[in-house]
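The exercises that follow ask you to read a structure step by step. Look at the sequence and the model first, and then try each task before turning to its solution.

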Amino acid sequence: MGEALEKLKKKQEERWKEYAKALADLQAELAREIQKLTEEVRQEAEKLQKLVTAIEEKANEAEKSQADIEAKTKELETALKQFEARWGGLGQNLGQIVRNRIGTFFPLTPVR
Amino acid sequence: MRNLKVSFFPATLMLVALLLCGCAGRREAIALSNATIAGSEIHQDADAIIYDGLSSSLGRQFELLFRAKRAELETIRQKFLAKGYEKFDGIFAVHMKSLDQDLKEAESEDYQQAHQKLLDAAQAYKTDHSDAKAKALHDAIEAFRKETEEFSKFRSDSIRQEIEARNTFLQQWQRTVETSCQDALSEIQKIETESATMFEKLDSSLAKLRTHHKAILNGERQLGEYLKQKTAIRIVLEQFLHGVGLDVSLGSVDNWIHKTAATVEGHLNTRVESLNKKLEGEAARP
């Protein structure tokens, strides 16, 4: 092979470096675009995560307070029933005593 | 007469008891409690709608987001594949042009040298037909043929190598694009899966809030019952009368007392106003 062809071969090999540079440039550009895209998706997901976490915290607080509310509701319900039963029983007993005493002198017609 | 006295006794006792044990604003408190419970029930229904709306709206929003981002990724993939073709083909075209020019120059240089040698040998053989000159001519022809063949091979090899270089880099680029997009797609998929878990959490939290609201409403209802609860004296009186054998509706007596009290209050206010006016008139007289 002549000297001219040797030179030509070296020149050609030198030119091929342009392909490598173009490849590196394209790779960098692609990486930037893909990173931007995935970052956007991640940010949107983080927004949701924050919202869900805030709701979750409140829901957990609510769950804790719920037991307290339910217990106090039950206590009040029981107290009301006991109160009514206690005083109602007393009144009824007194009424029956009076009725029995008075009934001997004044015969009353029972309403019921 | 005695019967009448006996019948009036519990009623009088009840009135005294009501006066002694009645609470200010109890009716208003009961009315407020009823209104609060009704309002809370409305909120319970409204909250359920809002919770459902929030959950489905966020779900839809995310579905659209992921769909849009996948489509965007596909666009990026196609754009960069095309960009690669454009870029490497552009470089290839420039290289081929340069190569063509270089080959022409190299060919003419080498061709000229071999051709000149051939012409010289032919000229020498014309004047001298000796064996030595004949061999020199034969060698020159052979060298020229060899040179031409070698150059032709070099030309084809150079073009083939140029094509191979372009194809190798293009394939490498295609692999890069496909791998990068596949990785990005996996990343999006991962985020989507995590988001789905978050939606499960959201639904669970909203269910907790719903149950909590229900407990509050039950509490409010129980408080309403407390406000409606009769006083001890009233219960004793009611049951006492019941025990005696008289079923008197204390509720209607209650209503009567409140109406009468309101009427008396109204009359008194009117009287006070007219007296005030009279006094003001007398004070203004010289």
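A residue is called buried if 20 or more other C-beta atoms lie within 10 Å of its own, exposed if 12 or fewer do, and partly exposed in between. Keep in mind throughout that this is a predicted model.

**Exercise 1. Place Arg175(B) in its helix, and decide whether it is buried or exposed.**

Solution. Begin with the secondary structure, where Arg175(B) is found in helix α3 of chain B. Next, count the neighbours: Arg175(B) has 10 C-beta neighbours inside 10 Å, and because the cut-off for an exposed residue is 12 or fewer, Arg175(B) counts as exposed. Finally, consider the chain distance, since Arg175(B) and Leu81(B) are separated by 94 residues in sequence, while their C-alpha atoms are 9.8 Å apart in space.

**Exercise 2. Apply the reasoning to Asn167(B), Glu86(B) and Gly90(B): which helix holds each residue, and is each one buried or exposed?**

Solution. Take the residues in turn.

- Asn167(B) belongs to helix α3 of chain B, and it is exposed because 12 other C-beta atoms lie within 10 Å. Asp89(B) is 78 residues away from Asn167(B) in sequence, and the C-alpha to C-alpha distance between the two is 9.4 Å.
- Glu86(B) sits in helix α2 of chain B, and it is exposed because 10 other C-beta atoms are within 10 Å. Between the C-alpha atoms of Glu86(B) and Leu170(B), which are 84 residues apart along the chain, the separation is 10.0 Å.
- Gly90(B) is also part of helix α2 of chain B, and it is exposed because it has 12 other C-beta atoms within 10 Å. From Gly90(B) to Arg166(B) there are 76 residues in sequence and 10.0 Å in space, C-alpha to C-alpha.

**Exercise 3. Describe the make-up of the two chains: how many helices and strands does each have, and what share of each is buried?**

Solution. Start with chain A, which has two helices and zero strands, and in which 12% of the 112 residues are buried. Then turn to chain B, which has five helices and zero strands, so that its elements, read from the N terminus, run α-α-α-α-α under the helix assignment used here. Of the 286 residues in chain B, 16% are buried. As a last step, look at the contacts in chain B with a separation of 6 or more, of which 85% join residues 24 or more positions apart.

**Exercise 4. Work out which parts of chain B touch chain A, and what kinds of residue they bring.**

Solution. First, establish the two sides of the contact, to which chain B gives 70 residues and chain A gives 59 residues. On the side of chain B, at least two residues each come from α1 (2-21), α2 (26-127), α3 (131-228) and α4 (232-244). The largest share, 32 residues, is supplied by α3(B). Sorted by character, the residues on this side of chain B are 33 nonpolar, 20 polar and 17 charged.

**Exercise 5. Find the nonpolar cores, and state which elements supply the largest one.**

Solution. The largest nonpolar core has 19 residues, and those with the most contacts inside it include Tyr19(A), Leu37(A), Phe88(B) and Ala184(B). At least two residues of this core come from each of α2 (17-105) of chain A and α2 and α3 of chain B, and the largest share, eight residues, is that of α3(B). To follow one member in detail, leave aside the neighbours of Ala184(B) within four places in sequence; Ala184(B) is then in contact with Ile34(A), Leu37(A), Thr38(A) and Leu73(B). There is also a second, separate core of seven residues, among them Val236(B), Leu237(B), Leu241(B) and Val244(B).

The helix α4(B) deserves a further step. It has 13 residues and reaches 18 Å from its first C-alpha to its last, close to the 18 Å expected at 1.5 Å a residue. Its buried residues include Ile235(B), Glu238(B) and Phe240(B), and α4(B) is followed by Gly245(B), whose phi is positive, near 115°.

**Exercise 6. Say where in chain B the confidence is lowest and where it is highest.**

Solution. Begin with the whole of chain B, for which the mean pLDDT is 84, with 87% of its residues at 70 or more. Then go helix by helix: confidence is lowest in α1(B), at a mean of 55, and highest in α3(B), at 91. For the model, the scores are ipTM 0.70 and pTM 0.66.

Technical notes:
Residues numbered from 1 in each chain as written. Chains lettered and ligands numbered in written order. Predicted model: local features only at pLDDT ≥ 70, side-chain atom pairs only at ≥ 80, totals over all residues. Helix = DSSP H or I, 4+ residues; strand = E, 2+ residues; numbered from the N terminus. Contact = placed C-beta atoms within 7 Å. Nonpolar A, V, L, I, M, F, W, Y, C, P; charged D, E, K, R; others polar. Expected span 1.5 Å × (residues − 1). Core = buried A, V, L, I, M, F, W, Y, C linked by C-beta atoms within 7 Å. pLDDT = per-residue confidence, 0-100.
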